[in-house]
Amino acid sequence: MAEGRFVDLPALPATLTHAQAEAYLAECRRALASVPDGAAVAVDAGALQVFDSSALAALLALRREVLARGGAWHVRCLPERLQALAQVYGVAELLPT
């Protein structure tokens, strides 16, 4: 799918830990509510610098919601450290980049 065909959700912030995860998810869910079912959805993780496993959990929660609506899921600019964490948890293949 061409890059321009994705609907963008709010980008991940520079810091996404347990303290920010619920607010970020709420923001994305509000944005997702206006996205048509079946749409291809992307999120940009390029700004992410400080994170814990909550960042991974947030991405996986958004993925579930997008797929439940029949959409496609894509993560742009996933930081190497978060990719490594996803590998440790065995979920790297769930975060297509």
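This note comments point by point on the fold, the sheet, and selected residues of a predicted model.

1. Overall composition. The protein chain contains three helices and five strands. Read from the N terminus, these elements follow the order β-β-α-β-β-α-β-α. Two strands therefore open the chain and a helix closes the succession, as the order β-β-α-β-β-α-β-α shows.

2. Dimensions. For 97 residues, a compact globule would be expected to have a radius of gyration near 13 Å, and the protein chain, with 12 Å, agrees with that expectation. The C-alpha trace spans about 30 × 25 × 20 Å along the principal axes of the protein chain.

3. Burial and surface. Buried residues make up 41% of the 97 residues of the protein chain. The exposed area of the protein chain is about 5200 Å², of which carbon and sulfur atoms supply 54%.

4. Contacts and charges. Among contacts in the protein chain with a separation of 6 or more, 76% are between residues 24 or more positions apart. The protein chain carries 8 positive and 10 negative charges, and the mean positions of the two sets lie 4 Å apart.

5. Sheet architecture. Which strands form the open sheet, and in what order? Three strands take part, in the order 1-3-5, and their pairing is parallel. Strand 1 (7–8) and strand 5 (72–76) are the edge strands; each has a single partner strand, so one side of each lacks a neighbour in the sheet.

6. Pairing of strands 1 and 3. Strand 1 and strand 3 run parallel and are joined by two bridges. In this pairing, V7 stands opposite V41 of strand 3.

7. Pairing of strands 3 and 5. Strand 3 (residues 40–44) also runs parallel to strand 5, and five bridges join the two. Among the paired residues, A42 has H74 of strand 5 as its bridge partner, and V43 stands opposite V75 in strand 5.

8. Cover over the strands. Is strand 3 largely enclosed or open to the surroundings? Four of its five residues are buried, so strand 3 is largely enclosed by the rest of the structure. Strand 5 is mostly covered, with four of its five residues buried. For strand 5, this burial accompanies a position at the edge of the sheet.

9. H18 and S54. H18 is found in helix 1, whereas S54 is found in helix 2 (residues 53–68). These two residues are 36 positions apart in sequence, with a C-alpha to C-alpha distance of 5.3 Å. H18 counts as exposed because its relative accessibility is 64%, which is over the 50% cut-off. S54, by contrast, has a relative accessible area of 14% and is buried, since the limit for burial is under 20%. Beyond its neighbours within four places in sequence, H18 is in contact with D52 and S54. With the same neighbours set aside for S54, its contacts are T17, H18 and A21.

10. R29 and helix 1. R29 is found in helix 1 (residues 18–32). With 34% relative accessibility, R29 counts as partly exposed. Which residues does R29 contact, leaving aside its neighbours within four places in sequence? The contacts are with A61 and E65. R29 and L62 are 33 residues apart in sequence, while their C-alpha atoms are 8.0 Å apart in space.

11. C77. This residue merits attention when the backbone geometry is reviewed. Where does C77 lie? C77 is placed in the loop between strand 5 and helix 3 (80–89). Its phi is near 55 degrees, a positive value in a residue other than glycine. C77 is also exposed, as its relative accessible area is 51%.

12. Summary of the main points. The predicted model has a radius of gyration of 12 Å, in agreement with the compact-globule expectation. Its open sheet has the strand order 1-3-5 with parallel pairing. Strand 3 is joined to strand 5 by five bridges and to strand 1 by two. Outside the sheet, H18 of helix 1 is in contact with S54, and R29 of helix 1 is in contact with A61 and E65.

How values were computed: Residues numbered from 1 in each chain as written. Predicted model: local features only at pLDDT ≥ 70, side-chain atom pairs only at ≥ 80, totals over all residues. Heavy atoms only, no water. Rg over C-alpha atoms; globule rule 2.2 N^0.38 Å. Buried < 20%, exposed > 50% of the residue type's maximum accessible area, 1.4 Å probe, protein only. Contact = heavy atoms within 4.5 Å. Areas by Shrake-Rupley, 256 points an atom, 1.4 Å probe, with all protein chains shown as cover. Lys, Arg positive; Asp, Glu negative; His and termini not counted. Charge placed at Lys NZ, Arg CZ, Asp CG, Glu CD. Pairing = 2+ DSSP bridges.
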